[in-house]
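The following exchange examines how several structural labels are justified by computed values. Each answer sets a value against the criterion that applies.

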Amino acid sequence: MGFAETFKALSDPVRREILNLLKNGRMPAGEIASHFDMTGATVSYHLNILKKAELIYESREKNFIYYQLNTSVLEDIMLWISELKGEEK
């Protein structure tokens with residue numbers, strides 16, 4: 001994971017909203033898409049960018065793909081920011 005990919009993924013409001021939806025637990029792709037007025041292909045594009053940045057991961061169960069937050073990447077970012085600010089660990 002590189003910070004460049006992470007910050008690029010976080011720069012888009014749709015992707016931030018997807019992360020916000022996932023903070024309450026994993027969701028299937030269709031349920032995520034139902035929160036947006038865009039095509040399924042567009043939602044899939046945003047999910048792929050979040051996956052490449054390792055902010056989310058997917059698991060397959062039967063005919064469904066579920067997405068879930070990868071909190072370890074978010075923790076790495078928060079640690080880096082706190083170190084940048086000079087805060088103690």
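Two strands are said to pair if DSSP finds at least two bridges between them. The model discussed here is predicted.

Q: What makes strand 2 and strand 3 a pair?
A: Pairing requires at least two bridges. Strand 2 (residues 56-61) and strand 3 (residues 64-69) are joined by six bridges in the antiparallel sense, so the criterion of at least two is met.

Q: Which residues describe the connection between strand 2 and strand 3?
A: The two strands form a hairpin with two residues between them. K62, in the turn, has a positive phi of about 55°. E61 stands opposite F64 in strand 3.

Q: Why is L84 called exposed?
A: A residue counts as exposed when its relative accessible area is over 50%. L84, found in helix 5, has a relative accessible area of 62%, and is therefore exposed.

Q: Which residues form the nonpolar patch on the surface, and which element gives the most to it?
A: The patch is formed by F7, W80, I81 and L84, which together have about 380 Å² of accessible area. Helix 5 gives the most, with three residues.

Q: Which residues of helix 5 are buried, and what covers them?
A: V73, I77 and S82 are buried, a term that requires under 20% relative accessible area. Their cover includes helix 1 (3-10).

Q: How does the span of helix 5 compare with the expected value?
A: Helix 5 (residues 71-85) has 15 residues and reaches 21 Å from its first C-alpha to its last, close to the 21 Å expected at 1.5 Å a residue. Helix 5 is followed by G86, whose phi is positive, near 85°.

How values were computed: Residues numbered from 1 in each chain as written. Predicted model: local features only at pLDDT ≥ 70, side-chain atom pairs only at ≥ 80, totals over all residues. Heavy atoms only, no water. Helix = DSSP H or I, 4+ residues; strand = E, 2+ residues; numbered from the N terminus. Expected span 1.5 Å × (residues − 1). Buried < 20%, exposed > 50% of the residue type's maximum accessible area, 1.4 Å probe, protein only. Contact = heavy atoms within 4.5 Å. Patch = residues over 30% accessible without salt bridge, like charges linked within 9 Å, V, L, I, M, F, W, Y side chains within 5 Å. Areas by Shrake-Rupley, 256 points an atom, 1.4 Å probe, with all protein chains shown as cover. Salt bridge = Lys/Arg side-chain N within 4 Å of Asp/Glu carboxyl O.
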